[in-house]
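Welcome, and thanks for joining this walk through a structure. Open your viewer, choose a cartoon style, and keep the selection tool at hand.

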Amino acid sequence: VKKSGLSEQLSQEERKRQEAIFEVISSEHSYLHSLEILIRMFKNSTELSEAMTKTEHHHLFSNISDVCEASKKFFKELEERHNQSLVIDDISDIVCSHAESNFDPYITYCSNEVYQQRTLQRLIGSKNSAFKEVLTRIEGHPDCRNLPMISFLILPMQRITRLPLLMDTICQKTLKDSEHYETCKKALQAVSKVVRKCNEGARTMERTEMMYTINSQLDFKFKPFPLVSSSRWMVKRGELTAFVEDSGIFTKWKSRHQVYFFLFNDVLIVTKKKGEDSYTVIDYALRDQIQVGTSQPKDVHLSPMKSPTSMLGSRQVGTNHLFWLCFRSNHSSEKVRMILGTELQNERARWISALGQNDNDKRRHDRTNVIQVEVIRTYTVKQPDELSLQVADVVLVSQQVDGWYEGERLRDGESGWFPAECAEKITCQATIERNMQRMDRLQGLETNV
């Protein structure tokens with residue numbers, strides 16, 4: 001373009017638009033090349049296949065060949081358009097067409113993510129030395145550029161979630177009164193719809209499997225209720241120290257117990273841990289019957305040095321950070337109040353945030369003066385209340401506690417916690433305003449599809 005002298009004839013805005021269009025084409029080429037390495041070096045490796053079962057092989061690679069074929073078709077049309085002219089008229093029609101008819105393999109692949117990650121962790125963590133030896137040898141091949149297999153496996157998820165952002169950039173650089181603007185908006189809407197289906201597919205598979213697993217681990221001491229439901233999912237789980245009043249007087253907290261909470265989107269289940277993967281249900285409450293707030297050590301009249309004889313279990317979890325919880329018991333209809341303790345300040349903040357869902361919704365919709373951060377390090381969730389991150393993701397931070405952020409991911413509105421060290425604050429006011437406009441545009445489009 002520079003050699004032809006065409007770049008000097010373009011306006012600054014049109015030059016930026018051309019750069020954005022070219023980035024879609026060049027990044028698709030690079031992505032397709034990496035997919036071909038994944039299939040040739042890993043999926044088609046006889047040695048690697050022999051080191052695992054057919055089911056494990058399917059869980060690892062799923063329909064990656066179909067994803068690669070979809071990318072080939074997409075890139076072929078992009079390349080043809082590029083070859084027609086040095087200055088590319090538009091690619092929105094191609095993006096829209098493929099998002100509507102060619103990108104379904106992405107939904108299948110992303111839905112399999114939970115099985116893929118679990119299978120890989122199990123194979124690497126097992127005593128199966130043959131798998132690890134073969135994998136290490138393949139990863140060391142020059143074609144793989146010393147990258148681990150997981151970095152190739154996650155490429156389709158990264159690519160499909162990046163496309164709406166790339167299309168949004170083209171949208172921004174396209175004049176609103178031009179013939180291409182409406183086509184560009186339609187393409188952005190189409191790829192956003194695919195991403196939403198990918199997210200929903202992955203989430204549904206993970207939630208359903210988790211619900212069946214938890215259901216098998218619970219032992220009700222009263223009439224059980226059906227836990228598995230397509231509209232129910234896990235929000236947070238974990239062990240807490242609970243101070244419960246023995247006398248029925250709220251100000252006299254006499255015994256310290258270990259409790260294990262399973263918090264779902266619609267119900268809280270209070271249990272006592274029996275074994276490694278078994279729990280006795282001692283109470284449950286509907287989410288709209290729960291109140292929560294911070295508490296102070298003076299609220300608990302227990303000597304921290306004393307270990308009460310009524311304490312359940314031998315382990316003693318720290319109780320440096322306290323909060324109170326009040327709910328209506330659903331198996332006895334009585335009002336229950338307890339003070340709960342966590343070892344870490346961020347854990348207390350996370351429990352209060354998870355239990356007080358109505359407060360979170362209000363805070364999420366008030367986006368004025370929120371901190372924005374850009375992700376500099378990939379993060380994979382370890383708990384249900386966390387947020388997965390990709391490099392260059394932008395997150396709107398609602399609170400920061402003890403080295404952790406709680407925030408809303410700009411590209412899709414998903415919320416959760418993540419380590420503050422994974423991101424850097426955005427200080428440029430123009431960038432902050434652009435991000436807010438982009439969020440309104442992306443999420444506004446998704447609600448209309």
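## First stop: helix α5

Begin by selecting residues 92–101, which make up helix α5; its buried residues are Ser 92, Ile 94, Val 95, Cys 96, His 98 and Ala 99. Please keep in mind along the way that you are looking at a predicted model.

Which elements cover these buried residues of α5? Show α4 (64–84), α10 and α11, which are among the elements that do so.

While α5 is still selected, click on Cys 96. This residue counts as buried because its relative accessibility is 6%, and buried means under 20%.

## Second stop: the cysteines

Next, show the cysteine sulfurs. How many disulfides does the structure hold? The number is zero. Take Cys 110 as an example: the nearest cysteine sulfur belongs to Cys 198 and is 3.9 Å away, and Cys 110 is in no disulfide. A disulfide would need the two sulfur atoms to lie within 2.5 Å. Is Cys 110 buried or exposed? With a relative accessible area of 3%, Cys 110 is buried.

## Third stop: helices α10 and α11

Now select residues 155–173 to bring up α10, a helix of 19 residues. From its first C-alpha to its last, α10 reaches 27 Å, close to the 27 Å expected at 1.5 Å a residue. Where does α10 bend? Look at Arg 162, where the helix bends by about 30°. Pro 164 follows within four residues of that point. Turn on a surface for the rest of the chain and you will find α10 mostly covered, with 14 of its 19 residues buried.

Move on to helix α11, residues 181–217, and pick out Lys 197 within it. Lys 197 counts as partly exposed because its relative accessibility is 37%. Then add Tyr 106 to your selection: 91 residues separate Lys 197 and Tyr 106 in sequence, while their C-alpha atoms are 9.1 Å apart in space.

## Fourth stop: strands β1, β4 and β5

Select residues 218–220 for strand β1 and residues 278–286 for strand β5. These two strands pair in the parallel sense, over three bridges. To see the pairing at one position, show Asp 219, which stands opposite Thr 280 in β5.

Strand β5 also has β4 (residues 267–275) as a partner, and here the pairing is antiparallel, over eight bridges. Pick Val 270 to find it opposite Asp 283 in β5. Two residues form the link in the hairpin that joins β4 to β5.

## Fifth stop: a five-stranded sheet

In which order do the five strands of the open sheet run? Colour them one by one: β12-β11-β10-β9-β13, with antiparallel pairing. At the edges stand β12 (415–419) and β13 (423–425); each has a single partner strand, so one side of each is left without a neighbour in the sheet. From one strand to the next, the twist averages 45°.

Now add helix α12, residues 345–355, which packs on the sheet. This helix touches β10 (394–401), β11 (404–409) and β12, and its direction makes about 115° with that of β10.

Go through the pairs in turn:

- β9 (residues 371–375) and β13 share three bridges in the antiparallel sense; Val 375 stands opposite Ala 423 in β13.
- β10 and β11 pair over six bridges, antiparallel; Val 395 has Arg 409 in β11 as its bridge partner.
- β11 and β12 pair over five bridges, also in the antiparallel sense; the bridge partner of Tyr 405 is Phe 418 in β12.

Zoom in on the turns as well. The hairpin of β10 and β11 has two residues between the strands, and Asp 402 there takes a positive phi near 55°. In the hairpin of β11 and β12, five residues lie between the strands, and Gly 413 takes a positive phi near 80°.

Finish here with β11 itself: six of its six residues are buried, so this strand is largely enclosed by the rest of the structure.

## Last stop: the whole chain

Zoom out and show everything. The chain comes to 14 helices and 13 strands, and 48% of its 449 residues count as buried. Taking the contacts between residues at least 6 apart in sequence, 66% join residues at least 24 apart.

Methods: Residues numbered from 1 in each chain as written. Predicted model: local features only at pLDDT ≥ 70, side-chain atom pairs only at ≥ 80, totals over all residues. Heavy atoms only, no water. Expected span 1.5 Å × (residues − 1). Bend = angle between axes of the 7 residues up to and from the residue. Buried < 20%, exposed > 50% of the residue type's maximum accessible area, 1.4 Å probe, protein only. Pairing = 2+ DSSP bridges. Axes fitted to C-alpha atoms, helices over the stretch in contact; angles between N-to-C directions. Contact = heavy atoms within 4.5 Å.
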